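User: Could you walk me through this structure? I'd like an overview and then some local details.

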Amino acid sequence: MLIIFSFGNTVRLVLEKSKGMELFNQRTYLFSFIMVLFFGLLGLRLVQVQLIKHEKFTKLAKDQSYGKYYLNGKRGKILDSTGRELAYDVDVYKVIIDPKRFYKLKEKDEIVKALKKIQPFTVKNFKIKLKENFYRNKRYIKIMNKIDEVKKSKIDKILSKYKIKANEVYFEHSTQRKYFSYHELAPIVGFMGAYSGEERRKLGAYGIERYYDKYLKRNKIEKNGYYTNFRNLLLPSDKKNNDFIEKDGNNVQLTIDYYIQYILDDEMQKQFKKVTPKSAVGIIMEPNTGKILAMSSYPREKNIAYLNNRAIRSQYEMGSIFKPVIMAAAYEEGVINDNTRLDNPDGYIMRYGHKIRDSDSHGVGQISPQTVMRVSSNVGMSLISEKLNPPTFEKYLKNFNLYERTGIDTFGELAPRQLPYKRWDGMKKYTMSYGQGIAITPLQMIGALATTVNGGIYYEPYLVESIKTSGGVTIRKNVPNPKRRVISEKTSKKIREMLKETVEKGTGRNGGILGYSIGGKTGTAQLSGHGGYLKHEYMSSFMGIFPSENPKYIMLIMFEKPHAESYWKKFGAWVAAPVFKDTLERILKYKGITPENVDILEGKNYKNVLSENLDIDFLPDFKGNGVRSALMIANKYKIEIVIDGKGQVVEQYPKPGTKIESIKKIKIKLR
C-alpha cells in the first residue's frame, strides 16, 4: 500500500509540474519518468532475488533444471593373439510406440505397414492393443526387440518420411554379446550367464568370460547436467564430471591363435566323427613359455549350459605318453644311463601276484632305456620304476605338477586327487610308470611333458596375454612363469632324443612328417570299469613336439574309447598320431615353415611311410619282427589281419616268403 501511495503521489506531482510544458514535452517527460521508475522497481526485485533470497531461488532453479544422467558402456572385447575379435558387444535397440501420441496420427496405418516390412512386430493384434492402450492412457508398447544399426537406420528413414518428431515412435538402446566362430572357441571363451539384480548386468558364467569378468564388465557412469524444460535436451556445460572414468570394459587378449585353434578343432572334429569316441581333447602349447595356442574339446552340446572344457575338467589315466615323465626322473636321479640294460627274457614280469607284460616281443631280452621308449615297453618302465624309491618317485610327480592344479587363468579347473606315497600299495609305482593308476587332466599332462623337453623347467600354463583399456592402455601383462626347475638340460636333451627316435623308428611313426624333425610318443591306456580294466577299450593318445631339437610346439591329442573294426586300430598310433600329423602339417603351411631338407621334396609327391623297410615284396617272418610289424604291413597294403591270443608270435599264415600281392588275409597266433 505504501508503494502504491508513493507511486500515485509521485505521478500527481509530475503532472502538476508538466502543466506549463508543451504537450509533446509533457508526454516525453512522463514516459521517461515511468521508464526510470520501472527499471528502479526491477532493480529492487533483482536485489531481492539475487541477494536477499539467493539461496532459496538457486535451489528452486536447480531442482527444476539440474539432474543426473547415466552413461552405459560396452563389455570389453576378447581378442585372439593376432587381434581378431572373438567376443564383443554390439548396439541393439527396442522400438517403442507411445499409444497416446501415435494413435492420433493420420498415417499410422501406413507407418505400421512400413515398419512391419523391416521386422515383424513382437505384439500380436497390434491395432487392437494400440486402441486399448490409447483409451487407457498407456504410454508404452514395445513392437520390436534387438534391432541392429542397419535396421535402425531404415526405421529412422521411415520416421523422417512421415515427420515423426514428437516421440510417437522412439528407440531404447542396449547392447548384445556376439561371438566369432563360437563352435571352435566355446570351451575357451565361455558365455554370459544370469542377470545380477545387484549389479544390474549379466555376469560371465564360464571360461574367460567368467574368470576375467571383473575386467571385462562395463562401467555405468553417473553424470550431472542442466536440461531444458521436461528434461528433453541436455544443455552443454564447461564443467566436466567423471570424464576420467572409462565407460567401456577392458579388452582381454588371449594367447590363442585363432587359425591354429581352427586347424586343431577341424582335425579333431574329423577324427571324432570317424572313430566316434566318448570324448576327445587336443591342446597345443609353447613348451618354453606355457602359452596355450589352441585347445579343443569334444563332444559339444548345443545347449551351452552343458559346455565342458575337458582339457581342464576331465581326468584320465594317460597310458604310455606318461613314460617320458618317469624316464626323465630316473635319468635325473642317476639310477639309469645310456649303458643301463634291463632284463626282460620272457616279455613279462610278475610282481605282487600280477603279470606286467608288453603288447609284443620288441622289448624281449636285455633292453636299453632308449629301446624301452622306442618300443613303449611296460616291462622296461616297471623295471626302471624299481630303481626309484616311493618318496623320490612322488617328489618328481609333485615337481611335474601332478599333485595340484596348473593354475591356468580360466574358470573350472579340476583339482587332482592323488594318494600320498605312504598309502600306495605294492603295484602302484609299477602301474604309474607306464601311465596307469594315476588320473590327471590333459592340461596337467601336457604341462609335465613340456617340462621334459623344454630344458627341464615347469612353466605355468596361461591363456591371457594382456588386458588393456578401451583406450589401449595396458593394465595387466601376463608373462611366462617358470615355477621351478625339475630336471637338468642334459636330461631334457636325452628325452628329446628318445622322442625323436620313437617317431623315426618306433611306435610314433604315424606322427612323422617327411623332411621335418619331430619327436613324439604314443599312448594306449586300458580304460577302467567296474571290477577292473575293460578289454579292448582304450584311451588312445599321442604327444608330439616340433622341432625335436628345440621344440616350439608341443601337442597332445587324446580320444577316449574310440571305435574301430579291429582292436589294434584303436591304439594311439592309429587314432591320435594321424591327427597330430595332419594338424602340424597345416600349421607348418600357415606359418610358412619349410622342411629342413627341401631337396628330397622337389618334384616328387611323398607319403609318410610307416617304416624304413616296409616297401617289401614278400611277407617277413613275424616271429622275429613281432606283431607290430604285422599290423603295419597289413595297414599299408590293405590286408585283413586276424590276431589270436596275447604275447609273442608263435605261428603265422601265410608263411614267410609269400608274395605280398597274393595275400588277402594274415593270421597271427600269439602265446
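Analyst: What follows goes from the overall make-up to ring pairs, a helix contact and some backbone details.

User: Before that, what kind of model is this, and how are residues numbered?

Analyst: This is a predicted model, in which local features need pLDDT of at least 70 and side-chain atom pairs count only at pLDDT 80 or more, while totals for chains, interfaces and linings use all residues. Residues are numbered from 1 along each chain as its sequence is written, and side-chain values use heavy atoms, with hydrogens and water left out.

User: OK, how many helices and strands are there in the protein?

Analyst: The protein has 23 helices and 27 strands, where helices (H or I, at least four residues) and strands (E, at least two) are DSSP runs numbered from the N terminus.

User: And what share of the residues is buried?

Analyst: Buried residues account for 48% of the 671 residues; buried means under 20% relative accessible area, exposed means over 50%, and partly exposed is in between, with a 1.4 Å probe and protein chains only. As for contacts (heavy atoms within 4.5 Å), among those between residues at least 6 apart in sequence, 72% join residues at least 24 apart.

User: Let's turn to the aromatics. How many aromatic pairs are there?

Analyst: Rings of Phe, Tyr and Trp (its six-membered ring) pair if their centres lie within 6.5 Å, and planes under 30 degrees apart count as stacked, over 60 as edge-to-face and the rest as tilted. By this rule there are 22 aromatic pairs. In one of them, the ring centres of tyrosine 93 and phenylalanine 171 are 6.1 Å apart with planes at 75 degrees, so the pair is edge-to-face.

User: Which strands do tyrosine 93 and phenylalanine 171 lie in?

Analyst: Tyrosine 93 lies in strand β3 (residues 85–97) and phenylalanine 171 in strand β5 (residues 169–179), so the pair ties together parts that are 78 residues apart in sequence. Tyrosine 93 is buried, with a relative accessible area of 10%, whereas phenylalanine 171 is partly exposed at 22% relative accessibility.

User: Any other pair worth a look?

Analyst: Tyrosine 103 and tyrosine 135 have ring centres 6.2 Å apart and planes at 65 degrees, so they too form an edge-to-face pair. Tyrosine 103 is in the loop between α4 (99–102) and α5 (108–118), and tyrosine 135 is in helix α6 (residues 126–135), so to speak a link between distant parts of the chain, 32 residues apart. Tyrosine 135 is exposed, at 59% relative accessibility.

User: Which lysine lies over the face of tyrosine 103?

Analyst: That is lysine 108, at 4.9 Å from the ring centre of tyrosine 103, and lysine 429 likewise lies over the face of tyrosine 430, at 6.0 Å from the ring centre. A charge sits over a ring if NZ of Lys or CZ of Arg is within 6 Å of the ring centre and within 35 degrees of the ring normal.

User: Which residues do ring pairs link into a cluster?

Analyst: Ring pairs link Phe180, Tyr258, Tyr259, Tyr262 and Tyr590 into a cluster.

User: Switching to helices, at what angle do α8 and α11 pack?

Analyst: Helix α8 (residues 182–189) packs against helix α11 (residues 258–275) at an angle of about 105 degrees, with the axes 10 Å apart. That makes α8 roughly perpendicular to α11, a term for angles of 65 to 115 degrees, with under 35 counted as roughly parallel, over 145 as roughly antiparallel and the rest as oblique. Axes are lines fitted to C-alpha atoms, for helices over the stretch in contact, and angles run from 0 to 180 degrees between N-to-C directions.

User: Which residues meet there?

Analyst: From α8, His183, Glu184, Leu185 and Ile188 meet Tyr258, Gln261, Tyr262, Asp265 and Gln269 of α11.

User: Now the backbone: where are the cis peptide bonds?

Analyst: A cis peptide bond joins tyrosine 298 and proline 299, with omega about 0 degrees, and proline 299 is in the loop between β11 (292–298) and α12 (310–313). Another cis bond joins phenylalanine 546 and proline 547, with omega about -20 degrees, and proline 547 is in the loop between β23 (532–546) and β24 (553–560).

User: And threonine 441, buried or exposed?

Analyst: Threonine 441 counts as buried, at 0% relative accessibility, and is found in the loop between β17 (439–440) and α18 (442–453).
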